[in-house]
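Me: Could you take a close look at one part of this protein with me? I'd like to know about its nonpolar core, and I'm in my first year, so plain words please.

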Amino acid sequence: ESGRASLIHLSVQLFTIPEIALELVLERGLLTAISGFFCDLINPYMEDRALAFKDDIPRSESARLNSLIGDLGYLLGHPAVCEHVVHNAAAQEALLRPLRLQVHA
């Protein structure tokens, strides 16, 4: 548990630095990675093109989802990252991919 907390704090530290955030997005495909992780986590709960949490979501998965959403928020808090998204179709696709699960599930 403390290891996960350390990683979460590390991502917050990294993603709040504009230069590092932009480099991770541009050079390492971070938006695509976050989108993929997010889809992998919610896909088991998709039913009839909607999220269906019949049982309580495991706490560990809930924490991961919250962390990914927070990471995305930090990344998109930088104007340079947002500008990249506006001008890059692959980045737009990465951000829209989780939403498309509801359309194409």
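What follows is a walk through the core, ending with one helix beside it.

Reply: Sure! Keep in mind that this is a predicted model. To get your bearings, the protein chain has six helices and two strands, and along the sequence they run α-α-α-β-β-α-α-α. Of its 105 residues, 27% are buried.

Now for the core itself. The largest nonpolar core has 19 residues, and the members that touch the most others are V25, L30, L31 and L75. Five helices, α2 (18-28), α3 (30-42), α4 (59-76), α5 (79-87) and α6 (89-104), each put in at least two residues. The largest share comes from α3, with seven residues. As a general rule, nonpolar side chains in soluble globular proteins tend to be buried together.

Try clicking on L75. If you skip its neighbours within four places in sequence, L75 still contacts F15, A21, V25, L30, L31, I34 and V81. Three of the residues on that list, V25, L30 and L31, are the ones that join L75 among the members touching the most others.

Next, follow that list to V81, which sits in α5 and is buried, as are H84 and V85. These three residues lie on the same side of α5, because they cover an arc of only 100° around the axis. Turn to the face pointing away from that buried side and you'll find P79, E83, V86 and H87, which are exposed.

Zooming back out, take the contacts between residues at least 6 apart in sequence: 66% of them join residues at least 24 apart.

Notes: Residues are numbered from 1 along each chain as its sequence is written. This is a predicted model: local features need pLDDT of at least 70, side-chain atom pairs count only at pLDDT 80 or more; totals for chains, interfaces and linings use all residues. Side-chain values use heavy atoms; hydrogens and water are left out. A nonpolar core is a set of buried Ala, Val, Leu, Ile, Met, Phe, Trp, Tyr and Cys residues joined through side-chain atoms within 4.5 Å. Buried means under 20% relative accessible area, exposed over 50%, partly exposed in between (1.4 Å probe, protein chains only). Helices (H or I, at least four residues) and strands (E, at least two) are DSSP runs, numbered from the N terminus. Contact means heavy atoms within 4.5 Å. The arc is that of the directions from the helix axis to the C-beta atoms.
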